[in-house]
Amino acid sequence: MFSLKTLSHRMPSAAGLVLVSALGIGLSACSEEKAEVTEVIRPVKVVEIARAGDTRKLDYSGSVKARTEMNLGFRVAGKITERLVDIGDRVTPGDTLARIDATDYQLAVKTAEANLAAAERGVETADLANKRAEQLFDKSVAPKSQLEQAALSHDQAVSQRDAALSALDQAKNQVSYTDLKAGQNGIVTAINADIGQVVGSGTAVITVAVDGEKEVQIAVPENDIAEFKPGKTVKASFWADDKLVLDGTVREVSGSADQQSRTFAVRVSLPNDPRVLLGMTATIEADISNGNRYVSIPLSALAEKDGKQMVWTVDRDTATVHGRDIKVADFTGDGVHVTEGLDTGDLVVAAGTQFMSENLKVKVPDQQSALAATDQTVR
């Protein structure tokens, strides 16, 4: 049997039971407080997609060139002995620009002259033989075959004389070709060979820009080349004078793309204006229809998921972000052109896309800057 003393040690008191119960409730309350997770609301910078305009502007830079540029070269080969013009010199028809050594060609003229003299003596000899054969035939001393042979020899001698005369003219022409002459009024824009250099026939030695109409040549990528047709009116502005703006006309479009740059050469004719000088930097601006209806977003708004290009859009009602796949047209200095996936009024996260996740709560600023779909610059 247990004693009352022993029993008192084993049985807890009523006060002890109350204390233990209170501690249990306190620990349970602490556990519930720790289990609560504070909801993260991340502030974001957004841009709003505005309505796309009916037109958009394309601008490309180029340089002013003469409509006609002549790469002049000698018609014969030789060593350059003189260069009589410098870059920037004006030339007129008949001006001598450069010379090559004409010694060999002058010797060829002397050879041709000697051959011509010999051929003329041959004609004289054949003529005498032909006359004698006619006299003998008339006296019935020589047969007719001898007369025919003499006539043939005379005709052959005449042909050789004519060939020698042509060779002499050709040799004289070769001598004249040792002088490189200008054919039209213009200005020298490049020197491609100099004194002492041996050049072949047709090698470009001097480039002359012909006076007259001036043009601007630009390089247009293949996604915009369809907008540039001959006869299209464009605006031309110039870096040297921001007040100088001229109406230009597309004159020529290259039929194929450059193999390296994959762009098409487009030449724009300019009206005659003395302020426009060769080599000036010009910007060609064209208004085209916005048939693609693409919108622009900042480059920082572009994200990628599972190999696809996408953006994070903000739901105005729930203030949460959601990923949306888009189709990118091209990249520009202002941002990214998007053709599919975005509509007017959409809010797009413009920065910090790496911190976004589906259904993430965000705080949108009260004031938003509308982003023009096509013709406003993204800052």
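Here are a few questions and answers about this predicted model.

Reader: How are helices H3 and H4 oriented to each other, roughly parallel or roughly antiparallel?
Author: Happy to start there. The axes of H3 (residues 103-138) and H4 (residues 144-176) come within 8 Å and cross at roughly 165°. Angles over 145 degrees count as roughly antiparallel. The crossing angle therefore makes H3, relative to H4, roughly antiparallel.

Reader: Is that crossing left-handed or right-handed, and how many nonpolar residues does the contact have?
Author: The crossing of H3 and H4 is left-handed. Sorted by class, their contact has nine polar and seven charged residues, and its nonpolar residues number 22.

Reader: Which strand gives the most to the largest nonpolar core?
Author: Good one to look up in the viewer. That core has 25 residues, and Ile 218, Phe 228, Phe 238 and Val 266 have the most contacts inside it. Several strands supply at least two residues each, among them S3 (55-66), S12 (214-221) and S16 (281-289). With four residues, the top contributor is S16.

Reader: Which residue of S16 does Phe 228 touch?
Author: Leaving out residues up to four places away in sequence, Phe 228 touches Leu 58, Tyr 60, Ile 218, Val 220, Val 250, Val 253 and Val 266, as well as Ala 286. S16 spans 281-289, so the residue asked for is Ala 286.

Reader: Arg 262 has a positive phi; is Arg 262 buried or partly exposed?
Author: Arg 262 is not a glycine, yet its phi is about 55°. This residue is in the loop between S14 and S15. Its relative accessibility is 43%, so Arg 262 counts as partly exposed.

Note on methods. Residues numbered from 1 in each chain as written. Predicted model: local features only at pLDDT ≥ 70, side-chain atom pairs only at ≥ 80, totals over all residues. Heavy atoms only, no water. Axes fitted to C-alpha atoms, helices over the stretch in contact; angles between N-to-C directions. Parallel < 35°, antiparallel > 145°, perpendicular 65-115°, else oblique. Left-handed = near helix turned anticlockwise from the far one by under 90°. Nonpolar A, V, L, I, M, F, W, Y, C, P; charged D, E, K, R; others polar. Core = buried A, V, L, I, M, F, W, Y, C linked by side-chain atoms within 4.5 Å. Buried < 20%, exposed > 50% of the residue type's maximum accessible area, 1.4 Å probe, protein only. Contact = heavy atoms within 4.5 Å.
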